[in-house]
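Q: Could you take me through the disulfides of this model, with the cut-offs behind each term? I would like a close look at that one part.

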Amino acid sequence: MCADFPPDRSYGATARGSMSTSTARVCLHVFFLTCVASAVSGVQKLTITPDRGTTFNISTAQVKGCKVCTGAGRTRRCGTSQLLKDNAPLSVEFECTRPQDVFRVEISRHIVCTTKSCNGHIIQAHSGSLPLLEFNRTFTWNLKASAPKALKLDFTKTGLRQINPSERCPDRHSYTLQAFQTTGNVAIGKYCRTGTISGAQILNLGSFSVEVPAGQKLQNGQFDVSVGEEVKSLAKITLTLPKGTSSSDLLSPNYPDSFPDDDVMEWYFQVPDKHKTAIQFLNLTEPSCLKKETAVEYHGKGRGALVLSLTDPQPDQNLGNFSLTLRNCKMDRGRTGSRGLSLNVRVSTSSKSSPVLCKVDLRKVEGLSLYIEKLTPASDCEMKINSVTKEKIAVSSNSDLSFQDCLPEDVRVTAMRVIECSQLKDCPKTPVRLLVPMLPSCLPAPLSSATWVLRPPQRGTVELTSPTGPLKQSLPGQPCNDSIIIQVAEGDGTAIGDFCPQGAIQKVQIHTNMSVTVSSVGGKALRTSYKNVLDACFKEEISERYIFTVSTKKDNPVLLATPGWPVGMRSYSTVSWIVSIPPKMEAHLMFANLSQPKCRNRHTNIRVQRVGCPEEDYSRREDEVAENEIVVSDRFYLNMSNCQPERGNFSVITKITLLESKNLLLTIVLCVVAALLVIFVIVLVVVCVVIRKKKKKLNHQVSIYNPNGTNFLPGHSSFPKTREDNESHVYTSIEDTLVYTHLLRKGMEIGVYGESDTYQPFTGHPDSQKPLVSKDSGVEDLEVGVYHPFRYSSQQAPPLPKRPPSLPLVDNEIYQTSDQSEEEHCSNLGPRLEPEGGN
């Protein structure tokens with residue numbers, strides 16, 4: 001028993017003089033038991049002093065049997081577990097003879113990291129746990145990262161290697177790394193000292209622990225803790241592979257149990273120069289998936305992602321550093337026999353060089369060529385095509401290639417496709433997709449760029465559209481946040497502009513031979529997610545050399561540069577932008593970075609004209625001062641043309657900003673006023689029509705002749721007065737000319753009156769009626785009614801008709817006797833006519 005415990009100077013025990021090693025151990029053990037622990041009647045007592053910030057958890061899984069107690073008297077507490085965290089000596093008693101066989105001890109500390117630094121490191125020290133040396137102990141460091149950064153552990157001083165959870169480490173120190181998620185804890189792996197694992201990064205929360213068996217002291221050591229990267233996986237394990245031939249085994253999280261649902265795990269391999277690695281999957285179990293699919297992804301420096309299924313052959317000649325990402329699906333755990341996802345990844349490294357054979361067949365894509373160029377002549381890279389060594393390789397059909405000692409940074413791979421037609425009727429009728437070609441993974445480097453050469457007919461135009469949405473021009477103040485850049489140039493290499501997704505340019509039309517080149521930002525490999533870059537159509541020629549169709553949006557200012565910016569436009573070339581504006585908005589145009597040349601022939605011109613309006617809203621030449629800002633309230637054309645410069649160049653950046661229309665309120669007011677005016681006009685017309693109808697009705701009212709001498713209008717409610725009751729039959733005088741001559745003319749026509757008849761004075765009885773004209777008054781002193789003088793003069797009055805002797809005379813010739821009916825009168829005189837010149 002004494003031989004199992006090494007001496008400990010901290011408790012004052014030393015080997016003295018000629019005392020043998022075994023004797024010293026026996027004495028130390030006796031001294032230790034005497035000073036620290038005592039057993040009285042089956043009770044073992046220890047005094048423990050936890051370090052500051054350290055927590056002791058003494059626990060057992062047995063419900064009955066031994067108990068652990070703290071305190072004394074009334075404060076004494078006993079149970080199956082006790083939590084100690086005071087920075088002061090504390091007495092602990094175990095109510096059994098061998099508590100070390102029952103209880104486990106966990107000593108834990110906390111390390112918290114912000115986005116800039118962490119408050120501590122993993123320092124392996126006893127932390128006051130020496131009195132518990134005979135117990136199985138676990139030292140745990142709880143880790144907390146600050147999103148979006150991960151927490152990074154550095155194992156470069158010792159290195160770790162992963163083992164099966166059922167295995168034991170040679171030094172009996174087993175390390176465990178865990179990640180805490182909302183769905184539960186995930187065991188990243190169990191490790192031993194000395195291995196290829198040089199670091200680990202954990203998202204959010206996790207823990208790192210070391211298990212020390214009873215009777216063995218904790219090995220001194222330190223693992224640095226720092227702020228990591230913004231990783232997207234559950235954890236990221238870094239391995240530094242040694243030179244020469246080696247092999248390392250890695251296990252999926254929770255092995256041999258299943259990797260969590262729909263989760264990601266990443267391993268990053270640092271490979272020595274001129275070494276190649278091979279990946280092999282062992283003990284693979286695949287789940288039944290409800291959503292998505294399980295897969296592995298390979299990413300390397302300067303190369304694109306390689307996505308494979310778990311059952312596909314894995315790369316066996318990887319060169320350079322690379323990462324391996326494991327993706328799980330949404331598993332169907334309820335299905336019988338579904339064990340989930342688990343696998344053993346074996347990574348083998350070798351320094352031996354051998355040629356890599358690669359077969360490339362491009363015959364399926366018309367006009368496609370592949371170019372492989374050696375960048376560093378002094379490198380050991382050797383390229384062959386059909387067994388012939390080349391510094392540059394061009395592949396356009398079916399070829400056999402081989403590469404030896406070729407690293408990704410030694411080689412550049414590009415692709416080019418030519419699309420042309422001589423006549424418009426021979427051109428493709430549907431859009432041609434500009435697709436990034438899929439190349440075999442045996443190439444030493446991924447595709448860095450792809451170029452499409454488009455050659456329309458002589459009177460044709462190339463139209464470019466993006467299937468993923470409008471484009472934007474890469475300009476200062478409007479950078480491309482995406483990972484690709486699309487370079488558009490003319491057939492002779494003259495640049496038109498650099499573009500990228502997520503902009504306002506919906507369509508580009510170019511009236512010349514041109515090329516489109518897509519590449520990754522920063523020289524990285526092209527991602528397969530950008531397989532369909534653009535769509536190209538061949539159409540009829542356009543009036544300008546370039547036309548851009550732009551659709552603006554609120555709160556998104558748009559920058560538009562002349563083709564070739566910052567270099568000036570070609571001589572005599574023209575460009576137009578067709579700009580659409582949302583309703584109730586107006587565009588504010590500002591011409592920034594305006595550079596005008598001195599023209600040798602013609603002039604430069606900047607014109608703004610609304611669509612559908614013949615008048616120009618704005619026009620300036622190079623010899624005129626341009627306005628600072630132009631406001632356009634409708635869809636418009638922005639046209640620019642260049643002269644033949646003698647000195648300088650013509651280049652402009654136009655900034656278009658949308659604001660709410662200032663005339664909107666005025667427009668609303670005018671609309672309301674116009675509506676009210678229309679309503680007023682309608683009401684006025686209705687009123688006028690009603691009044692006119694009433695007047696017309698009044699104008700057609702006629703007098704009814706009453707033989708008793710009284711006239712009355714139709715519609716009167718009461719019968720008119722009799723002749724005897726009113727004064728209507730009394731006249732002061734009457735003029736001969738004021739007679740109803742039309743009745744006289746009518747009478748002549750029907751033979752009642754004769755032309756030879758002359759006027760005879762009335763000789764009737766004086767008492768029969770009142771006189772028609774007073775003797776004291778003349779005819780000229782009074783104008784009766786509104787009748788105008790008759791066309792005959794007073795001296796030339798119309799002759800009176802001859803009356804039959806049977807008809808007695810009455811007041812005048814137009815009155816009938818009281819005993820004559822109205823029908824007889826009408827039959828004698830004919831129809832009544834309106835007097836000429838009367839009302």
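A: Here is a walk through the disulfides, followed by a short look at the nonpolar parts.

This is a predicted model, where local features need pLDDT of at least 70 and side-chain atom pairs count only at pLDDT 80 or more, while totals for chains, interfaces and linings use all residues. Residues are numbered from 1 along each chain as its sequence is written, and side-chain values use heavy atoms, with hydrogens and water left out.

A disulfide here is a pair of cysteine sulfur atoms within 2.5 Å, and by this rule the count comes to ten. Let's look at some of them.

One of them joins Cys289 to Cys329, with 2.0 Å from S to S. The torsion about their S-S bond is about -80°, so this disulfide is left-handed. The pair links distant parts of the chain, 40 residues apart: Cys289 sits in strand 22 (residues 289–291), and Cys329 in the loop between strand 26 (322–327) and strand 27 (330–331). Strands (E, at least two residues) and helices (H or I, at least four) are DSSP runs, numbered from the N terminus. Cys289 is partly exposed at 27% relative accessible area, whereas Cys329 is buried at 0%. For these words, buried means under 20% relative accessible area, exposed over 50%, and partly exposed in between (1.4 Å probe, protein chains only).

Another disulfide is formed by Cys381 and Cys406, whose sulfur atoms are 1.9 Å apart. Its S-S torsion is about 85°, so the link of Cys381 and Cys406 is right-handed. Cys381 lies in the loop between strand 30 (368–374) and strand 31 (382–385), and Cys406 in the loop between strand 34 (398–404) and strand 35 (411–420), so the pair ties together parts 25 residues apart in sequence. Cys381 is buried at 4%, and Cys406 is buried at 2%.

Cys113 and Cys118 also form a disulfide, with their sulfur atoms 1.7 Å apart. With 105° about the S-S bond, the link of Cys113 and Cys118 is right-handed. Cys113 counts as buried, at 5% relative accessibility.

Now for the nonpolar parts. A nonpolar core is a set of buried Ala, Val, Leu, Ile, Met, Phe, Trp, Tyr and Cys residues joined through side-chain atoms within 4.5 Å. The largest has 75 residues, and those with the most contacts inside it are Ile372, Leu401, Phe548 and Phe636. Apart from it lies another core of 65 residues, among them Val92, Phe135, Ala145 and Val345.
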